[in-house]
Structure formats: C-alpha cells, structure tokens
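Here is my note on the two-chain model you sent round. The points are numbered so that you can reply to each in turn.

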Amino acid sequence: MADKACVPINSEIDIVTARQKGREMAQQLGFSSTELTLIATAISEVVRNIVEYAKHGELCVDIVQQGDKRGISVIAQDNGPGIPNIKLAMQDGYSTGKSLGLGLPGAKRLMDEFDIVSEVGKGTKVTMKKWVQKNVR
Amino acid sequence: MLVPILKQGDYLIASIQSELSDADLLKLRDDLVRRVSEFRSRGVIVDVTVLDVMDSFATRTLRSMAHMVMLRGAETVIVGIQPEVAFSMVQLGLRLEGVTTALDLEEGLSLLDHKIKGDNGLG
C-alpha cells in the first residue's frame, strides 16, 4: 500500500477528494469508524480554510511511526496570505471569513496532535496527527 | 451530485445519495426552499444517512435551510445522522439549534404527521 498521498487543492470540490483520501489511508491503519470520521472531518475543516483564504494549496496524508505507535499525519499547506494572529485564529468562534470560526480549533479537538505555522504573505502549514489506539483494536 | 427531491403529499423528501460538495449543498438548500413554495409543502425531510462527514459548512447550510423553510411556513426534519457523525459534530462544537432531528425516515415522517396534522403517531 502507498503510505503517502497528496491532493492538490484548488476548489471546493477538492475538499471531498481530500477527506476521502485521508479516510482511505486511515482505514488501512486500522482506525475505528468513529476515528475515521473524526479524521475526515478535521481534514474537511483545514482544507476548507485553504479554499476560503488561500485559494490554492496541497493536502498530504502520510503514515507515521513513533516508537511502537502508528498513526496518520495530515499536512495542509498553502502559499496564501497567512494568518496574522494565530492565537486569535485558534479561538472558538473567531472568523474573518464567512464561516462559524470553528474550523481550526475544531480540527485540533478532533485530532491527537495539532501544529500550525503561518507567516503573513508567505502561507500557512497545518500539521495534525492521530495515533491508532492499540487497546481498541 | 444532484439530490433527488420527492414530493409525497404535503411533504418533500430529499434523500442524499452520495457525499456532497459545498456547491451541491447550497443547491440542495435553494432547490428545497423553492419547491416548498412551488408545491405548498408543509414539511421537509432531509435524509443524511449516507453522509459520513458533516463539517461546519454542511451543518451551517442545513441549519440555514431549515430556517428558510420555516420562514416559508413549513417544518424541516433532518434524519439519519450517523452515530460517528454525531460524535464528531459534538467534538467540533457544532449544533443544529432550532432544527428538528429524527433517527430515520420513518421516525421523521411520523414526527411531521404529529406536528402538522396533530396525529399522535399511534394510529
């Protein structure tokens, strides 16, 4: 099985493609169906951010290993306008667009690890991870 | 992907058949609101059983649709939200405030009968 896949993001139709790709990859790792939904939803939120603010970008999913933990890594990257105040953007209900402002903080709650790096004028990179729970499967 | 909208008596039933893009969702909302007027429908059921993701956009669109339908004097019931989707919506902090939900199509229809026709659902 391929352990890395990327989806170019150019329009809102790519949101569906990206979350399907993420779900496919996560399924191979043996995540539960609830976890698959959480991962797909988190991908949907971060990719929608790209479409809404940066227009173009890329979503990559990758299988990662850390010690005896296995999981999925999701990287959403764009060369868009960047986020001037990340602290503010990570607050529930804060939005400069037309969304509910739950996208980034929401995605963080759905995943195990969440990291965001952004530079104004350069772009934004969101890295999220979720680990397979061994005691469940 | 087009969502078929069936007219059944006073009700409209929109049964989502596959994952929808944002544009598909907006089209569904607009079609339903228009048809409520066209058919003088009293109730609308949206079956989301096949959706395996309901993110902030989908939730917001369904909520606004229900409110628009309400302003046209009809009731909306969203049916078939999967357990995994419900779990993820709560984690994400999404709420369908002011929108009626039911387990499945059958429950949704009896809920509408009850609300609109005063049927107690027992007979």
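1. A definition comes before anything else. Two strands count as paired if DSSP finds at least two bridges between them. On that footing, β2(A) and β3(A) are paired: they share 10 bridges and run antiparallel. Please keep in mind throughout that this is a predicted model.

2. The sheet of chain A. Five strands make an open sheet here, and their order is β1-β2-β3-β5-β4, with antiparallel pairing. At the edges sit β1 (4–9) and β4 (113–119) of chain A, each with pairing on one side only. Neighbouring strands are turned by 15° against each other on average, with direction ignored.

3. The β2–β3 hairpin of chain A. Within this pair, A:Asp62 stands opposite A:Ser73 of β3(A). The hairpin has 2 residues between its strands. Look at A:Gly67 there: this glycine takes a positive phi near 60°.

4. Other pairings in chain A. Strands β1(A) and β2(A) are antiparallel and joined by 6 bridges. A:Pro8 has A:Glu58 of β2(A) as its bridge partner. Further across, β3 (residues 69–78) and β5 (residues 123–131) of chain A run antiparallel, with 8 bridges between them. Two residue pairs can be picked out on the model. A:Ala76 is partnered by A:Val126 in β5(A). A:Asp78 is partnered by A:Thr124, also in β5(A).

5. The two faces of β1(A). In a regular strand the side chains alternate between the two faces of the sheet. Strand β1(A) shows this alternation. A:Ala5, A:Val7 and A:Ile9 point to one face and are buried. A:Lys4, A:Cys6 and A:Pro8 point to the other face and are not buried.

6. Helices on the chain A sheet. Which strands does helix α2 (residues 33–54) of chain A touch? The helix packs on the sheet and touches β1, β2 (57–66), β3 and β5 of chain A. Its direction makes about 180° with that of β5(A). Helix α4 (residues 103–110) of chain A lies across β4 and β5 of chain A. Its angle to β4(A) is about 150°.

7. A:Glu12 deserves a close look. The residue sits in the loop between β1 and α1 (13–29) of chain A. What is the nearest side chain of opposite charge to A:Glu12? It is A:Arg48, at 6.3 Å. A:Glu12 is buried, yet has no salt bridge. A salt bridge needs a side-chain nitrogen of Lys or Arg within 4 Å of a carboxyl oxygen, so the distance to A:Arg48 does not qualify.

8. The contacts of A:Glu12 reach into chain B. Its side chain comes to 2.8 Å from the backbone nitrogen of B:Asp22. Leaving out residues up to four places away in sequence, A:Glu12 touches A:Val51, B:Ser21, B:Asp22 and B:Ala23.

9. The sheet of chain B. This is an open sheet of 5 strands in the order β1-β2-β3-β4-β5, and the pairing is mixed. Its edge strands are β1 (5–8) and β5 (100–102) of chain B, each paired on one side only. The twist averages 25° from one strand to the next. Strand β4 (residues 75–79) of chain B runs parallel to β5(B), and 3 bridges join them. B:Ile78 has B:Thr101 of β5(B) as its bridge partner.

10. Helices on the chain B sheet. Helix α2 (residues 56–71) of chain B packs on the sheet and touches β3 (43–47) and β4 of chain B. Its direction makes about 155° with that of β4(B). Helix α4 (residues 105–117) of chain B also packs on the sheet, touching β2 (11–15), β3, β4 and β5 of chain B. Its direction makes about 160° with that of β4(B).

11. B:Val44 in strand β3 of chain B. Is this valine buried or exposed? B:Val44 counts as buried because its relative accessibility is 0%. Beyond four places in sequence, its contacts include B:Leu12, B:Leu32, B:Val36, B:Val69 and B:Leu112. B:Ala66 is 22 residues away in sequence but 8.6 Å away in space, C-alpha to C-alpha.

12. B:Ser15 in strand β2 of chain B. This serine is partly exposed, as its relative accessible area is 23%. Neighbours within four places aside, B:Ser15 is in contact with B:Val3, B:Pro4 and B:Asp47. B:Leu94 lies 79 residues from B:Ser15 in sequence and 22 Å from it in space, C-alpha to C-alpha.

How values were computed. Residues are numbered from 1 along each chain as its sequence is written. Chains are lettered from A and ligands numbered from 1 in the order in which they are written. This is a predicted model: local features need pLDDT of at least 70, side-chain atom pairs count only at pLDDT 80 or more; totals for chains, interfaces and linings use all residues. Side-chain values use heavy atoms; hydrogens and water are left out. Helices (H or I, at least four residues) and strands (E, at least two) are DSSP runs, numbered from the N terminus. Axes are lines fitted to C-alpha atoms, for helices over the stretch in contact, and angles run from 0 to 180 degrees between N-to-C directions. Contact means heavy atoms within 4.5 Å. Buried means under 20% relative accessible area, exposed over 50%, partly exposed in between (1.4 Å probe, protein chains only). Lys and Arg count as positive and Asp and Glu as negative; His and the chain ends are not counted. A polar contact is a pair of N or O atoms within 3.5 Å; within protein, one must be able to donate a hydrogen and the other to accept it, and residues adjacent in sequence count only if both atoms are side-chain atoms.
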